[in-house]
Amino acid sequence: MDPIETEPLPLSRHVLFHTRDVDQARESVARVFCPHALNPCHAGELLDARHHSAPLGEGCSLNYVQYGAAVDIDPGHLGTFYLLQIPVRGGATVWCGGRELRSDTGVASLPSPSEPLHMRWAADSPQLIVQLSQAAVARQFEQLAQQEPRGSLVFEPGVDLNATPVAGIAAFVRYLCSTLDADPGFSGSVLARQAEAYLISSLLLQLPHNHRALLDAGRRPLLPRVVRRTQDYMRANAAEPLTLADLCSHVGVSARSLQQAFLNATGESPMSHWRGLRLELVRQALRAAEPGSGSDTVARIAEHYGFFHAGHFAAHYRRRFGERPGQTLRLFGG
């Protein structure tokens with residue numbers, strides 16, 4: 001019989017180590033990332049730890065990390081960099097900034113350097129990890145917003161990999177890994193630096209973070225008039241049960257024209273954009289809820305913004321924000 005061919009691991013030309021020793025794995029990973037505690041979750045379970053790493057430009061590296069066994073990872077704070085962690089399979093529980101996130105092949109995690117971080121990777125849960133320096137992210141933000149970020153820039157820790165714009169970002173990360181393996185001269189090249197700038201800009205423009213409003217304000221005039229008018233109508237009627245027909249009637253265009261305009265400008269359909277806007281408003285309301293709010297608060301707020309199916313609402317909310325609505329209420333509403 002012919003030998004079974006296995007697909008090469010990501011960044012296989014950029015191996016830093018492969019070990020079963022916990023101390024070696026911890027010390028080796030720390031050289032690229034930061035000092036951290038690393039402990040197997042189950043006594044006697046052997047590690048199968050690997051780390052492949054390649055720089056892209058000056059402020060970004062691409063990494064493939066696996067431990068084989070289930071492990072607890074506690075860096076405390078990342079300090080000087082962000083980590084976009086995309087599970088290849090399996091998953092992890094991530095505690096970041098006082099919130100708990102379940103990461104899997106549909107939800108990446110994006111801890112920020114200023115937020116306390118602890119992670120528990122399940123067994124057989126390798127991840128593609130993009131390390132982004134805080135300086136590079138701040139520099140790209142300043143170019144996009146034409147002003148420096150006001151304080152620490154903090155991303156929402158959960159990243160929905162099924163959302164249209166984000167799926168493109170994840171695919172681009174995989175493409176860059178393949179390119180770094182296929183072309184040894186790509187790392188540090190002009191094209192690599194351009195790719196790094198594009199990747200950071202995509203994260204800043206597509207993902208929720210505490211400085212997003214400044215970027216959105218700068219981008220707003222560039223949107224087509226029909227998209228801006230539709231967005232204004234959505235915001236003015238956030239608690240109304242709007243349909244696609246309502247939106248088309250208000251702006252005076254066909255459904256096909258409106259859908260194409262939104263897809264070109266935002267990467268999503270009008271109704272997906274409408275749902276995302278209402279989810280953002282629900283989140284704001286949960287954060288502003290009075291201490292001691294009753295258990296019906298989540299349902300009441302969700303229904304106010306048109307989410308009447310509790311299961312569907314909770315699933316959409318978790319995919320967008322990386323946490324359950326009740327967690328937001330407990331953490332921010334008391």
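# Notebook: helix packing and single residues

**Entry 1, α6 against α9.** I began with helix α6 (residues 225–236) and helix α9 (residues 270–287), which pack with their axes 11 Å apart and at an angle of about 40 degrees. I keep in mind that I am reading a predicted model. The two helices, α6 and α9, are therefore oblique to each other, and I noted the crossing of α6 past α9 as right-handed. I then looked up which residues make the contact, and found Q231, M234 and R235 on the α6 side, with P270, H273, W274 and L277 on the α9 side. Sorted by class, the residues of this contact between α6 and α9 are 4 nonpolar, 2 polar and 1 charged.

**Entry 2, helix α7.** Which residues of helix α7 are buried? In this helix, which covers residues 244–251, I found L247, C248 and V251 to be the buried ones. Looking down the axis of α7, I see these buried residues fall within an arc of 95 degrees, so they line one face of the helix. On the face of α7 turned away from that buried side I find the exposed residues A245 and S249. I also looked up what covers the buried residues of α7, and the list includes α6, α8 (255–266) and α9, so that two helices of my first entry, α6 and α9, appear here again. After α7 comes G252, and I wrote down its phi as positive, near 75 degrees.

**Entry 3, α3 against α4.** I turned next to another helix pair, helix α3 (residues 164–182) and helix α4 (residues 190–206), whose axes are 10 Å apart and which pack at an angle of about 160 degrees. That angle is over 145 degrees, which makes α3 roughly antiparallel to α4. The crossing in which α3 passes α4 is left-handed. From α3, the residues P165, I169, F172, V173 and L176 take part in the contact, and in α4 they meet A195, Y198, L199, S202, L203 and Q206. In the contact of α3 with α4 I find 9 nonpolar and 2 polar residues, and no charged ones.

**Entry 4, one residue from each helix of that pair.** I picked V173, which lies in helix α3, and asked whether V173 is buried or exposed. With a relative accessible area of 1%, V173 is buried. Setting aside its neighbours within four places in sequence, I found V173 in contact with L62, I86, V130 and L199, and the last of these, L199, belongs to the α4 side of the contact with α3. I also checked V173 against I129, which is 44 residues away along the chain, and the C-alpha atoms of the two are separated by 9.1 Å.

From helix α4 I took S201, which counts as buried at 12% relative accessibility. Apart from its neighbours within four places in sequence, S201 is in contact with Q140 and L144. I looked at S201 together with F17 as well, and these two residues are 184 residues apart in sequence and 31 Å apart in space, C-alpha to C-alpha.

**Entry 5, T93 in a strand.** I moved from the helices to strand β7 (residues 91–96), where T93 has its place. T93 has a relative accessible area of 16% and is buried. Once its neighbours within four places in sequence are left aside, T93 is in contact with E100, L101, R102, H118, M119 and R120.

**Entry 6, positive phi outside glycine.** Most residues other than glycine have a negative phi. With that in mind I looked up two residues whose phi is positive. L11, which is not a glycine, has a positive phi of about 55 degrees, and its place is in the segment before β1 (15–19). At a relative accessible area of 0%, L11 is buried.

Where is D124 found? I located D124 in the loop between β10 (117–121) and β11 (127–133), and its phi is near 50 degrees, again a positive value in a residue other than glycine. D124 is partly exposed, with a relative accessible area of 40%, whereas L11 is buried.

Definitions and conventions
Residues are numbered from 1 along each chain as its sequence is written. This is a predicted model: local features need pLDDT of at least 70, side-chain atom pairs count only at pLDDT 80 or more; totals for chains, interfaces and linings use all residues. Side-chain values use heavy atoms; hydrogens and water are left out. Axes are lines fitted to C-alpha atoms, for helices over the stretch in contact, and angles run from 0 to 180 degrees between N-to-C directions. Helices (H or I, at least four residues) and strands (E, at least two) are DSSP runs, numbered from the N terminus. Angles under 35 degrees count as roughly parallel, over 145 as roughly antiparallel, 65 to 115 as roughly perpendicular and the rest as oblique. A crossing is left-handed if the near helix is turned anticlockwise from the far one by less than a right angle, and right-handed if clockwise. Contact means heavy atoms within 4.5 Å. Ala, Val, Leu, Ile, Met, Phe, Trp, Tyr, Cys and Pro count as nonpolar, Asp, Glu, Lys and Arg as charged, and the others, Gly among them, as polar. Buried means under 20% relative accessible area, exposed over 50%, partly exposed in between (1.4 Å probe, protein chains only). The arc is that of the directions from the helix axis to the C-beta atoms.
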